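Before you plan further work on this protein, please read the points below with the structure open beside them. They are set out one by one, so that each can be checked in turn.

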Amino acid sequence: MFEHQLIVADRATDFEAEVYALEQTLQPLAAAPVPPRNPGFQFPRRVWLAMFACYAIFFLAIAAATGGSGHARFAIIISVLYAAVYFGVARIGARQAGPEDISPLDQGKMLDTFTGLMDKRAVYGQVLIVPLAVALFGMAILVITLSIGIGS
């Protein structure tokens, strides 16, 4: 049923040419550059602290607005854990590259981004606009629930 068949080429093969062609095919086009330093996120520590403070304000305001509801507390705790995992995994991944360089913003320079140079005010505005909006949203929910007496 299974017969062993031998295939013989009609002409002789030039082994050196075949090996050379194979070696050229297997060679990488270019070696990946090894970064000599870790530029990191290049944000000052104050940006991260402000971001975490905004999220803490949001969670505390929502916790205060919901009163003593057990179901709401459970959902808030789960949300806090999700936020901790989100920022914690990013932190662990960022630390794998070693210590980060000092932020250009801390050195009085501008931050070089994909779209061009940005000063400190522009960086803070773009990075903190969403956390500030989230914190203000939480505060607004707290004010609304206190003003209509839901949390009492």
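1. A salt bridge is taken here as a side-chain nitrogen of Lys or Arg within 4 Å of a carboxyl oxygen of Asp or Glu. With that cut-off, a search of the whole structure, which is a predicted model, finds one salt bridge. The partners are Asp106 and Arg46, whose side chains meet at 3.3 Å, N to O. Because Asp106 lies in the loop between α3 and β1 (111-113) while Arg46 belongs to helix α2, the pair ties together parts of the chain that are 60 residues apart in sequence. As for accessibility, Asp106 counts as partly exposed at 40% relative accessibility, and Arg46 counts as partly exposed at 43%.

2. On the overall arrangement, the protein has four helices and two strands, and from the N terminus on these elements follow the order α-α-α-β-β-α. Of its 152 residues, 20% count as buried. The accessible surface of the protein comes to about 12,300 Å², and 67% of that area belongs to carbon and sulfur atoms. Where contacts between residues at least 6 apart in sequence are considered, 70% of them join residues at least 24 apart.

3. Helix α3, which covers residues 70-95, deserves a point of its own. The 26 residues of this helix reach 37 Å from the first C-alpha to the last, which is close to the 38 Å expected at 1.5 Å a residue. Within α3, the residues Ala72, Ile76, Phe87 and Ala94 are buried, and what covers the buried residues of this helix includes α2 (45-65).

4. Which residues make up the largest nonpolar core? There are nine in all, namely Val47, Met51, Phe87, Leu105, Leu111, Met118, Val123, Val127 and Leu128. The elements that give two or more residues to this core are α2 and α4 (120-148), and α4 gives the most, with three residues. A second, separate core has five residues, among them Phe59, Ile62, Ala63 and Ile76. Returning to the largest core, of which Val123 is a member, one can follow its contacts from that residue: leaving aside residues up to four places away in sequence, Val123 touches Phe43, Leu105, Leu111 and Met118.

5. The aromatic side chains can be read alongside the cores, and the structure holds six aromatic pairs. In one of these, the rings of Phe52 and Phe87 have their centres 5.0 Å apart and their planes at 90 degrees, so the pair is edge-to-face. This pair links distant parts of the chain, with Phe52 in helix α2 and Phe87 in helix α3, 35 residues apart. The two rings fall into separate classes of accessibility: Phe52 counts as partly exposed at 38% relative accessibility, whereas Phe87 counts as buried at 18%. Together with Tyr55 and Tyr86, these two residues form one aromatic cluster.

6. Finally, Phe87 brings several of these points together and may be a useful place to begin an inspection of the model. Phe87 is one of the buried residues of α3, it belongs to the largest nonpolar core, and it takes part in the edge-to-face pair with Phe52.

Methods. Residues numbered from 1 in each chain as written. Predicted model: local features only at pLDDT ≥ 70, side-chain atom pairs only at ≥ 80, totals over all residues. Heavy atoms only, no water. Expected span 1.5 Å × (residues − 1). Buried < 20%, exposed > 50% of the residue type's maximum accessible area, 1.4 Å probe, protein only. Contact = heavy atoms within 4.5 Å. Core = buried A, V, L, I, M, F, W, Y, C linked by side-chain atoms within 4.5 Å. Areas by Shrake-Rupley, 256 points an atom, 1.4 Å probe, with all protein chains shown as cover. Phe/Tyr/Trp six-rings, centres within 6.5 Å; stacked < 30°, edge-to-face > 60°.
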